[in-house]
Amino acid sequence: PEVEEVYLAAVYVLNEQFESYEWNAYLINASSEALEMALIVSRGFDKKKETSTMRHKIEVLPAKNFAKIEFLQEDVLKLNNEFKVTFFQNNKMYEKTFVFKANSIRENARVEIPVIPEKGILAK
């Protein structure tokens with residue numbers, strides 16, 4: 001089935017521990033049903049470089065909620081960043097690949113995004 005009301009966003013937030021702002025990737029569930037067993041596989045790449053593959057699991061992401069996936073280092077923002085997301089909702093399996101194009105994650109590109117009260121960038 002087609003994925004609806006589930007998004008992946010990059011959000012520029014304050015890291016209070018280090019007292020600096022940083023980009024983080026978040027999975028957003030704007031639907032009225034929980035996501036179960038969300039598996040996320042991410043990587044950065046271009047024609048010459050590729051990062052290591054990262055794997056994440058979120059047991060349950062409640063309706064109208066979001067979860068941090070990973071910190072996005074400045075170096076990887078220059079690359080295409082791909083997130084393959086698979087999850088169950090209402091006993092059906094869903095899968096979608098979200099991509100941030102190279103250099104698309106930047107402060108002046110932030111917009112309002114679903115569920116998260118901060119501005120961010122939605123992956124395509």
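Me: In this predicted model, is Ile 58 buried or exposed?
Reply: Ile 58 has its place in strand β4, and leaving out residues up to four places away in sequence, it touches Leu 27, Met 37, Ala 38, Ile 40 and Ala 67. The cut-off for burial is a relative accessible area under 20%. Because the relative accessibility of Ile 58 is 12%, the residue counts as buried.

Me: How far apart in space are Ile 58 and Ser 42, C-alpha to C-alpha?
Reply: Ile 58, which belongs to strand β4, is separated from Ser 42 by 16 residues in sequence. From C-alpha to C-alpha, the distance in space between Ile 58 and Ser 42 is 14 Å.

Me: Which element gives the most residues to the largest nonpolar core?
Reply: The largest nonpolar core has 27 residues, and those with the most contacts inside it are Leu 8, Leu 27 and Leu 72. The elements that give two or more residues to this core are β1 (6-15), β2 (20-29), β3 (35-45), β4 (54-61), β5 (65-72), β6 (80-89) and β7. With four residues, the element that gives the most to this core is β1.

Me: How many residues make up the second, separate core?
Reply: Apart from the largest nonpolar core, which has 27 residues, there is a second, separate core that includes Ala 9, Val 13, Ile 28 and Ile 116. The size of this second core is seven residues.

Me: Why is β1 described as largely enclosed by the rest of the structure?
Reply: Strand β1 pairs with β2 in the antiparallel sense over ten bridges, and with strand β9 (residues 119-122), again in the antiparallel sense, over three bridges. In these pairings the bridge partner of Ala 9 in β2 is Tyr 26, while the bridge partner of Val 11 in β9 is Gly 120. The strand is largely enclosed because its buried residues number eight of the ten.

Me: Which strands are the edges of the open sheet of five strands?
Reply: The five strands of this open sheet follow the order β5-β2-β1-β9-β8, with antiparallel pairing. Within that order β2 and β5 are joined by seven bridges, and the bridge partner of Leu 27 in β5 is Ala 67. The strands that pair on one side only, and so form the edges by the pairing rule of at least two bridges, are β5 and β8 (111-112).

Me: Which residue in the turn between β6 and β7 has a positive phi?
Reply: Strands β6 and β7 pair in the antiparallel sense over nine bridges, with Lys 84 standing opposite Thr 97 in β7. They form a hairpin with two residues between them. The residue in this turn with a positive phi, of about 55°, is Asn 90.

Me: What is the relative accessible area of Trp 23?
Reply: Trp 23 lies in strand β2, and, not counting residues up to four places away in sequence, its contacts include Ala 10, Phe 71, Leu 72, Leu 77, Ile 105 and Ile 121. One of these partners, Leu 72, is in turn in contact with residues including Ala 25 and Phe 83. Trp 23 is buried, and its relative accessible area is 3%.

Me: Which residues are linked with Arg 43 in a network of salt bridges?
Reply: Arg 43, which is partly exposed with a relative accessible area of 25%, meets Glu 50 in a salt bridge of 3.2 Å, N to O. Arg 43 also forms a salt bridge with Glu 82, with the closest N and O atoms 3.0 Å apart. Because Arg 43 lies in strand β3 and Glu 82 in strand β6, this second pair ties together parts that are 39 residues apart in sequence. The residues linked with Arg 43 in the network are Glu 50 and Glu 82.

Me: What accessible area do Met 37, Leu 39, Phe 88 and Met 93 have together?
Reply: Met 93 is found in strand β7 (residues 92-100), and at 48% relative accessibility it counts as partly exposed. Together with Met 37, Leu 39 and Phe 88, Met 93 forms a nonpolar patch on the surface. The accessible area of these four residues together is about 340 Å².

Conventions. Residues numbered from 1 in each chain as written. Predicted model: local features only at pLDDT ≥ 70, side-chain atom pairs only at ≥ 80, totals over all residues. Heavy atoms only, no water. Patch = residues over 30% accessible without salt bridge, like charges linked within 9 Å, V, L, I, M, F, W, Y side chains within 5 Å. Areas by Shrake-Rupley, 256 points an atom, 1.4 Å probe, with all protein chains shown as cover. Salt bridge = Lys/Arg side-chain N within 4 Å of Asp/Glu carboxyl O. Buried < 20%, exposed > 50% of the residue type's maximum accessible area, 1.4 Å probe, protein only. Core = buried A, V, L, I, M, F, W, Y, C linked by side-chain atoms within 4.5 Å. Contact = heavy atoms within 4.5 Å.
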